[in-house]
Amino acid sequence: MNEMTRIAYVRQELVEGRPAPVKTTGVIGFLRTRLLNSPTNILITIASAVLLWSIIAASIKFLLVDAVWSGKDRTACLAENAGHPVGACWPFIQAKFSQFIYGFYPEAQRWRVNLTFFLAAMLLLPLLIPRLPAKAINAGLFFLGFPVVAFFLLHGGGIDGFALSWAANLLSDFTSSVVEAGSAVSRAGASLGERNALLGLLLHSLGWLVSGIGAALHYLIAPLTWTSNQIQASGQAVWIDLAATAAAASILLFWLSGGTRTGWRPLVFSLLSFAGIGIVIVVLGLDRGGLPVVDTRLWGGLLVTLVVSVTGIVASMPVGIALALGRRSTIPLIRIFSVTFIELWRGVPLITVLFFATYMLPLFLPAGFSVDGLVRALIGIALFAGAYQAEVIRGGLQAIPRGQVEAASALGLSWWKTTALVVMPQALRHVIPGLVNSFIALFKDTSLVSIVALFDLLGQLRASFSDPTWATPTTLFTGFAFTGMIYFAFCFGMSRYSLLVENRLNAHRRN
Amino acid sequence: MTANPIVSIAGLNKWYGDFHVLRDIDIDVGRGERIVICGPSGSGKSTLIRCINALEEFQEGRIVVDDIELGPNLRRVDEVRREVGMVFQSFNLFPHLTVLENCTLAPIWARNLPKKDAEATAMKYLERVKIPQQANKYPGQMSGGQQQRVAIARALTMNPKVMLFDEPTSALDPEMVKEVLDTMVDLANEGMTMLVVTHEMGFAREVADRVVFMDAGQIIEANTPANFFANPQHARTKLFLSQILR
């Protein structure tokens, strides 16, 4: 008491920090403070241990101890032949393994799938490891170059021209459709003129005007079509077209980036890119018809699952970013469009989207214009996922204080640069858990494509159940356990990697 | 008022909805002049200086910055912002970038400076605010005073002709106010044109050429610091000074 009543107090020496008492740290500390620190907790710990034991022991018994490891057909997996209760029937997986991976992809061509997987891994792994250099080139190759190469590898087929010919074809198709529409309208006007002279005349002249515009356009693009025809007639269409495109694009880029003063790097870069495209064309023989075409109806298994989910994940990001920004735009038209788009796609089930894309879209498209079934599903999934990502990203955008935008504006950065350099990087960091959540959900939702006659991993598995050679009591469980492990490996990998990225990118939040 | 002013504001009126927040503001700022703007909260001080670099729109009047006219339609925003640097109350450093990247972002992307040159310039200004050794830290790892000094350096890397300070020391712990004020005094001694919204009357006395007192969206009184503090004219000014100088 006497000590406390003394008001003035001056510390003579500062107290050094010392380690915590041993009993609160380490394994023993953990056991004491977290698992066994109260009667209730002791009970919960014991109950959990019993539950865990029963689950783990039963799984090990089914998957490993009681499992049958070899055999030629169902007889090996029957209890009377094995001599003990049978768990997993692994010979079934061995027999069907290639189907689970490739579907009905022709056996002789499966090296193409393997090569695609290999290329993807070679490009993706360095991209995912933060320490490795040249991220920009790596990302460019993976996101722009790889999809094209993968398409020609997996699907096959060649090209009979390049950008110049494609542009010419597209434009001339467009102009001739304008001319056609115009003449159709004017014919309708002529037949209407028999009953209503004024309206008929009006319609007729409107049609005449439209076909006139079409004809004018036709003459406007005449130099382009002429060049394209010359190229097509030359016998080396692909190469001449590639060279012409390369020259045009490179000169344009050179000029846009400031000419001789600063433009050498873009020029070299552009020429190197086109050289790369040329090498791809040679290696895949695209100018000579390319690899044999494998119709997407033959694709299946993990191949389809990966194609659909990777395309969906990669394509949903730009769609989501654009929609999220659009929804916050101050321009009413853009905002209304974004809101409508998001609500429309979120308001319908994915199954409906897939059904619509697969079975109803072809009815609306003009005759003779068909899009591959897999591509239709891909577009549907990408837009569907994009609408979801948009809302996740919008959440991140809302977390950015106004001061950030103001500071960037005050420094003279434009809206685009402010968004790209200051707002979006921060917003995306905030929502990594949400984004990866959607990625994982999308990865598993891809199994819905099996209802539109695409056989993904799960679809392929279910198809294999109908094989009487392997009809045993445990085939079903074995199959689902196996595919479950595959799905889990991918999803768990994504989840772990996202944690790593989060920790790395949020270095600035550690004080 | 001043010959060849660098900032000239004439007949400025601004409304938030129906609320008349700035009323008939007329003020010229000479080259190299240091102006301290003070007044009670809600008097429109921050809004006024935020109008100068077009962070706020206004409905009437005109602002001319270094012969670039900023009318109500704010068409020449980008040109003006290149001339004017700004320091905020809450620093507003970019938390995902290091200190050096904060200082090179705008020179690289808004001025198209090569990265090497931008970094050299940034280091020069970081040395001037006396924190070059922190260049590779993130803002979140620094004290408030250090962050505000980085913010000053970041604004300086764009070579502004005018610097706006919006209550630069209000969010700081008392221990850190001095380091920021010292930096601002150094800047003033180098001849930078400064408009400072602050309640630091010591700074106003020491550095300002003119003290402007605002209330209810209007300029009530403007005078040299000596006269302003010793001999306030308007009743509102006297009341304000009696409140803050006790």
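**Entry 1: getting started**

Contact, in these notes, means heavy atoms within 4.5 Å. I am looking at a predicted model, and I started with helix 18 of chain A.

How many residues of helix 18 of chain A are buried? I found seven of its nine residues buried, so I wrote the helix down as mostly covered. The buried ones are A:Gly403, A:Gln404, A:Glu406, A:Ala407, A:Ala408, A:Ser409 and A:Ala410. Next I looked up what covers them. From chain A, the cover includes helix 19 (415-430). From chain B, it includes helix 1 (45-52), helix 2, strand 6 and helix 5. I also checked the residue just after helix 18 of chain A: A:Gly412 has a positive phi of about 90°.

**Entry 2: holes in the model**

I went looking for empty space next. Rolling a probe the size of a water molecule over the atoms shows where empty space is left. The search of the whole structure turned up two cavities of 30 Å³ or more.

I took the largest cavity first, with its volume of about 60 Å³. Which residues line the largest cavity? From chain A, I noted A:Ala407, A:Ala410 and A:Leu411. From chain B, there are B:Met86, B:Phe88, B:Phe91, B:Ala151, B:Arg154 and B:Ala155. Two elements give two or more residues each to this lining: helix 18 (402-410) of chain A and helix 5 (144-156) of chain B. Helix 5 of chain B has the largest share, with three residues. I sorted the lining by class and got eight nonpolar residues, no polar ones and one charged.

The second largest cavity holds about 40 Å³ of space. Its lining takes A:Ala410 and A:Leu411 from chain A. Chain B adds B:Arg81, B:Arg82, B:Val84, B:Gly85, B:Met86, B:Ala155, B:Met158 and B:Pro160. Helix 2 (77-83) and strand 6 (84-87) of chain B each bring at least two residues. Which element gives the largest share of the lining of the second largest cavity? I found that strand 6 of chain B does, with three residues. By class, this lining has seven nonpolar residues, one polar and two charged.

**Entry 3: one alanine in helix 5 of chain B**

I stayed with helix 5 of chain B and picked B:Ala153, which sits in it. B:Ala153 has a relative accessible area of 0%, so I marked it as buried. Beyond residues up to four places away in sequence, B:Ala153 touches B:Cys103, B:Tyr125, B:Leu126 and B:Val129. I also took a distance to B:Arg82: C-alpha to C-alpha, B:Ala153 and B:Arg82 are 15 Å apart in space and 71 residues apart in sequence.

**Entry 4: two odd phi angles in chain B**

I noted two residues here that are not glycines but have a positive phi. One is B:Phe91, with a phi of about 65°. B:Phe91 lies in the loop between strand 6 and helix 3 (99-111) of chain B, and it lines the largest cavity. Is B:Phe91 buried or exposed? Its relative accessible area is 12%, and the cut-off for buried is under 20%, so B:Phe91 is buried.

The other is B:Glu167, with a phi of about 45°. I found B:Glu167 in the loop between strand 7 (162-166) and helix 6 (174-189) of chain B. B:Glu167 counts as buried because its relative accessibility is 13%.

**Entry 5: a bent helix in chain A**

Helix 5 of chain A covers residues 90-102, 13 residues in total. I compared its span with what is expected: it reaches 19 Å from first C-alpha to last, close to the expected 18 Å. Where does helix 5 of chain A bend? I placed the bend at A:Lys96, at about 55°.

The buried residues of helix 5 of chain A are A:Trp90, A:Pro91, A:Phe92, A:Ile93, A:Lys96, A:Phe100, A:Ile101 and A:Tyr102. They pack against helix 3 (39-65), helix 6 (110-128), helix 14 (301-327), helix 21 (457-465) and helix 22 (475-505) of chain A. After the helix comes A:Gly103, with a positive phi near 70°.

**Entry 6: a threonine in a loop**

My last stop was A:Thr296, in the loop between helix 13 (264-284) and helix 14 of chain A. A:Thr296 has a relative accessible area of 8%, so I put it down as buried. What does A:Thr296 contact, leaving aside its neighbours within four places in sequence? I got A:His155, A:Asp372 and A:Leu374.

Definitions and conventions:
Residues numbered from 1 in each chain as written. Chains lettered and ligands numbered in written order. Predicted model: local features only at pLDDT ≥ 70, side-chain atom pairs only at ≥ 80, totals over all residues. Heavy atoms only, no water. 1 Å grid on protein atoms, 1.4 Å probe; cavity = no way out; pocket = protein on both sides within 12 Å on 5 of 7 lines; lining within 4 Å. Points joined across faces, edges and corners; volume = space filled by probe spheres on them. Helix = DSSP H or I, 4+ residues; strand = E, 2+ residues; numbered from the N terminus. Nonpolar A, V, L, I, M, F, W, Y, C, P; charged D, E, K, R; others polar. Expected span 1.5 Å × (residues − 1). Bend = angle between axes of the 7 residues up to and from the residue. Buried < 20%, exposed > 50% of the residue type's maximum accessible area, 1.4 Å probe, protein only.
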